[in-house]
Amino acid sequence: MAVDVKQRVTDIGPPHYEQFLPPVIKENYGKWKYHEILKPGIMMHVSETGAKVYTVRAGGSRLMSIQKIRQICDVADKHCGGHLRFTSRHNIELMTTDEAKIPAIVKDMQALGHPVGGTGPAITSIVHTQGWVHCHSAATDASGIVKSVMDAVHEHFINMDLPAKCRIALACCLNMCGAVHCSDISILGVHRRPPKVDHENLRRLCEIPNVSASCPTAAIRPATVNGVPSVEVLEEQCMFCANCYTVCPAMPLANPLNDGVSIWVGGKVSNARHEPMFSKLAIPYIENEPPRWPGVVDAIVNIIDVWRKDARNYERMGEWIERIGWPNFFKKTGIEFRKEHIDDFKNAGLTFKRSTQLTY
């Protein structure tokens with residue numbers, strides 16, 4: 001017997017997003033003709049019906065206290081009928097149909113410590129992973145580096161003074177739950193040593209077949225060590241991903257002397273002007289320097305400054321590098337070319353067509 005979906009009541013899954021939309025968005029759903037950026041952080045969307053909605057974008061963070069979220073909600077209650085949204089890059093967007101309310105929204109958000117900007121040819125908030133605060137496989141911190149980098153590039157967030165948009169992402173290990181594979185600048189935490197096997201406790205804490213199966217490169221094999229059932233790690237096959245540690249606490253990978261950060265550049269998701277691009281390695285290793293990571297910050301500011309001065313209008317980071325060539329990129333930025341930049345992975349598929357964009 002068919003079930004009437006409208007009558008079905010369930011507590012499985014999230015509530016439908018439609019009930020949280022501002023009335024003007026719900027009434028004009030699918031009818032928006034165009035949008036304009038009135039000033040940094042201020043957008044106007046115009047519907048086919050003539051309705052207009054104004055959006056104020058403020059920089060946010062991935063980790064917020066309940067008190068901070070309530071303060072932001074108070075601003076939404078005061079000016080926006082209780083409606084707000086968080087973007088995938090942790091920005092806070094407050095929408096209103098009354099243009100006269102924009103200055104008050106901006107003032108209140110800035111009073112809470114959230115700058116308004118991140119639209120158009122600018123840097124928006126950095127999308128990032130968990131880092132040391134939560135993740136067990138992190139090779140570096142996330143929130144600490146993001147805060148340090150955004151403090152250094154703050155002027156490019158509140159102003160639209162770059163050749164094109166610049167997306168920055170951070171993943172604290174190469175499992176990459178951040179968007180580091182396709183961002184203009186990517187910060188990637190790297191382990192440089194294989195896991196240390198606690199042979200004495202491994203058989204008590206872990207199931208050896210599961211540990212072997214967890215490795216994506218088949219670098220872990222069952223072995224008997226000192227008469228005890230355990231595993232061995234083939235270092236030349238290990239990619240330092242920490243998948244084994246996820247299923248087996250007796251194989252820790254974190255190493256304060258050898259863990260650090262790599263910088264990648266040139267990725268993008270957009271189809272505009274050029275097909276989507278993958279990020280490529282720029283700096284193989286920078287040591288962890290908490291709490292402010294000066295080496296990482298200086299490297300990123302340097303890359304942005306060189307791109308800003310040399311790129312043409314609307315030219316994303318990867319498009320600029322493709323135009324001037326990688327040798328000139330290393331020369332202009334002063335980054336040393338090292339052996340790690342040579343891609344010798346036999347399955348890299350450098351000749352594969354990865355895009356649906358075809359040129360005849």
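In the predicted model, the buried residues of helix α10 are M317, G318, E319, W320, I321 and I324. These make up six of the eight residues of the helix, which spans residues 317-324, so α10 is largely enclosed by the rest of the structure. The surroundings of this helix include both strands and helices: its buried residues pack against strands β8 (185-190) and β11 as well as against helices α9 (294-310) and α11. Just after α10, G325 adopts a positive phi of about 90°.

Helix α11, formed by residues 326-333, lies across β11 (260-265) and β12, and runs at about 35° to β12. Both of these strands belong to an open sheet of five strands, arranged in the order β6-β7-β8-β11-β12 with mixed pairing. Strands β6 (127-128) and β12 (280-287) occupy the edges of this sheet; each has a single partner strand, and therefore one side of each is left without a neighbour in the sheet. At the β6 edge, pairing with strand β7 (residues 168-171) is parallel and extends over two bridges. Within this pairing, H128 has L170 of β7 as its bridge partner.

A further open sheet, also of five strands, follows the order β1-β2-β3-β5-β4, and its pairing is antiparallel. The edge positions are taken by β1 (32-39) and β4 (85-86), each of which pairs on one side only. In this sheet, strand β2 (residues 42-47) is joined to strand β3 (residues 52-58) by five bridges in the antiparallel sense. H45 stands opposite V53 of β3. Helix α3, comprising residues 102-111, lies across β2, β3 and β5 (92-96), with its direction at about 15° to that of β3.

The environment of one charged residue, K68, was also examined. K68 is located in helix α2, which covers residues 66-79. Although buried, K68 has no salt bridge. The nearest side chain of opposite charge belongs to D74 and is 11 Å away, whereas a salt bridge would require a separation within 4 Å. The K68 side chain does, however, make a polar contact with the side chain of H114, at 3.3 Å. When neighbours within four places in sequence are left aside, the contacts of K68 are with L112 and H114. H114 thus appears both in the polar contact and among the residues in contact with K68 beyond its sequence neighbours.

Definitions and conventions. Residues numbered from 1 in each chain as written. Predicted model: local features only at pLDDT ≥ 70, side-chain atom pairs only at ≥ 80, totals over all residues. Heavy atoms only, no water. Helix = DSSP H or I, 4+ residues; strand = E, 2+ residues; numbered from the N terminus. Buried < 20%, exposed > 50% of the residue type's maximum accessible area, 1.4 Å probe, protein only. Lys, Arg positive; Asp, Glu negative; His and termini not counted. Polar contact = N/O pair within 3.5 Å; in protein donor to acceptor, adjacent residues only side chain to side chain. Contact = heavy atoms within 4.5 Å. Pairing = 2+ DSSP bridges. Axes fitted to C-alpha atoms, helices over the stretch in contact; angles between N-to-C directions.
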